[in-house]
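Trainee: I would like to practise giving reasons for the terms we use. Can we go through this one step by step?
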Amino acid sequence: MWLLFLLVACVAAALSCAQLCRAAVAVARATGPAPRPAPVPDPDAADGSAAGLTLYEMAYLSGGPHRLADVVLVLMAQQRRLLLAHTGWATVVDPVGLDPVERATLSAIGPDGQRRIPAIREALVADEAVQAVGDRLVAAGLALPAAARGLRNAVRQVQGATVLALLCAAAAYATAPAGEDRGQLLIWFTLPLILTLGTLAVARFELHPYSDWATGAGEERLPGRPGFTAFSPSSPAPVAPLASLMTLALHGPRALTDPTLRAALHSSGA
């Protein structure tokens, strides 16, 4: 019986580590060895464009198009151009978009002027204006292309395989026959554990922080990293509080201090 548990642990460890290796190779191919130029800010953007990253670009690099959608919704809500209810509905107050992403947001809400936030978010993710932000970042070497995403999930799979190996070892120990050398039995389970823990250690050293959106160069351009470039003073600052919007862009809805906005995004499945 314990051989069956060992087989399960070894197969799970091998498959998950192979998946992580494939994801790491895809990231390495996507980033390339040579640095690329910084993205050119969108001249139509009203979201705080700068010599560094725009607010939309920060959101995309931190959490992808869904995070960008949350940022534009909160930006317009804080400017009193949208009303975000704690029940997860968005209502148009001022139907004028100041940049392509805001205009896409209004189009996603539709002519009725009211729509559920999950539906708006999904419509924005597929919109050309949001995809253009990602395309600019990919072209500049700051964002990962679609083929190179999945690193974070691959790391989770290896972590899960590690837990599974421990559970299999415990099950094998508990079900071993009375005359079996249980200490020798447990030694066999060190094989999948060495594989998974060793792979996680290498990934931590070579690939951390794990991201499905930003490359290493993109991570360095985010606030808190040495390569971060702040907003240009000559750029038009958004009317909404920039600090709270940057916090949302970098950390997601859970970092919002406004309980109404936080409830609006979370109640809608954010």
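Trainee: What share of the contacts in the protein with a separation of 6 or more comes from residues 24 or more positions apart?

Mentor: That share is 71%. Keep in mind that this is a predicted model.

Trainee: How many helices and strands are there, and in what order do the elements run?

Mentor: There are 11 helices and 3 strands. From the N terminus the order is α-α-β-β-α-β-α-α-α-α-α-α-α-α. Of the 270 residues, 44% are buried. The accessible surface is about 13100 Å², and carbon and sulfur atoms hold 63% of that.

Trainee: Why is Cys-17 not counted in a disulfide?

Mentor: Set the distance against the cut-off. A disulfide needs two cysteine sulfur atoms within 2.5 Å. The closest cysteine sulfur to that of Cys-17 is in Cys-21, 6.7 Å away, so the gap is too far for a bond. Cys-21 is in no disulfide either, with the sulfur of Cys-17 as its nearest cysteine sulfur. The count for the protein is 0 disulfides.

Trainee: What makes Cys-17 buried or exposed?

Mentor: Buried means under 20% relative accessible area. Cys-17 has 4% relative accessibility, so Cys-17 counts as buried. Cys-21 has 47%, so Cys-21 counts as partly exposed. That class lies between 20% and 50%.

Trainee: How many aromatic pairs does the count give, and which rings form them?

Mentor: The count is 1 aromatic pair. The rings belong to Tyr-60 and Trp-213.

Trainee: What makes that pair edge-to-face?

Mentor: Check two values. Centres must lie within 6.5 Å, and planes over 60 degrees apart count as edge-to-face. Here the centres are 5.6 Å apart and the planes stand at 70°, so the pair of Tyr-60 and Trp-213 is edge-to-face. Tyr-60 is in helix H2, while Trp-213 is in the loop between helix H8 and helix H9. They are 153 residues apart, so the pair links distant parts of the chain. Tyr-60 itself counts as buried, because its relative accessibility is 6%.

Trainee: How do you know that Arg-121 and Asp-70 meet in a salt bridge?

Mentor: Look at the N to O distance. The limit is 4 Å. Their side chains are at 2.9 Å, N to O. Arg-121 sits in helix H4 and Asp-70 in helix H2, 51 residues apart. Both Arg-121 and Asp-70 are buried.

Trainee: How many salt bridges does the search of the whole structure find?

Mentor: The search finds 2. Arg-81 and Glu-102 also meet in a salt bridge, at 2.7 Å, N to O. Arg-81 lies in the loop between H2 and strand S1, and Glu-102 lies in helix H3, so the pair ties together parts 21 residues apart in sequence.

Trainee: Are Arg-81 and Glu-102 buried or exposed?

Mentor: Use the 20% cut-off again. Arg-81 has 6% relative accessibility, so Arg-81 counts as buried. Glu-102 is buried too, because its relative accessible area is 0%.

Trainee: Which residues form a nonpolar patch on the surface?

Mentor: They are Met-1, Leu-4, Leu-7, Val-8, Val-11 and Leu-15. Together they have about 600 Å² of accessible area.

Trainee: What makes Val-8 fit such a patch?

Mentor: Patch residues need over 30% relative accessible area. Val-8 has 38% relative accessibility, so Val-8 counts as partly exposed. Val-8 is in helix H1, residues 2-31.

Notes. Residues are numbered from 1 along each chain as its sequence is written. This is a predicted model: local features need pLDDT of at least 70, side-chain atom pairs count only at pLDDT 80 or more; totals for chains, interfaces and linings use all residues. Side-chain values use heavy atoms; hydrogens and water are left out. Patches are made of residues with over 30% relative accessible area and no salt bridge: like charges are joined within 9 Å, nonpolar side chains (Val, Leu, Ile, Met, Phe, Trp, Tyr) within 5 Å. Accessible areas come from the Shrake-Rupley method with a 1.4 Å probe; for residues, only the protein chains shown count as cover. Helices (H or I, at least four residues) and strands (E, at least two) are DSSP runs, numbered from the N terminus. Buried means under 20% relative accessible area, exposed over 50%, partly exposed in between (1.4 Å probe, protein chains only). Contact means heavy atoms within 4.5 Å. Rings of Phe, Tyr and Trp (its six-membered ring) pair if their centres lie within 6.5 Å; planes under 30 degrees apart count as stacked, over 60 as edge-to-face and the rest as tilted.
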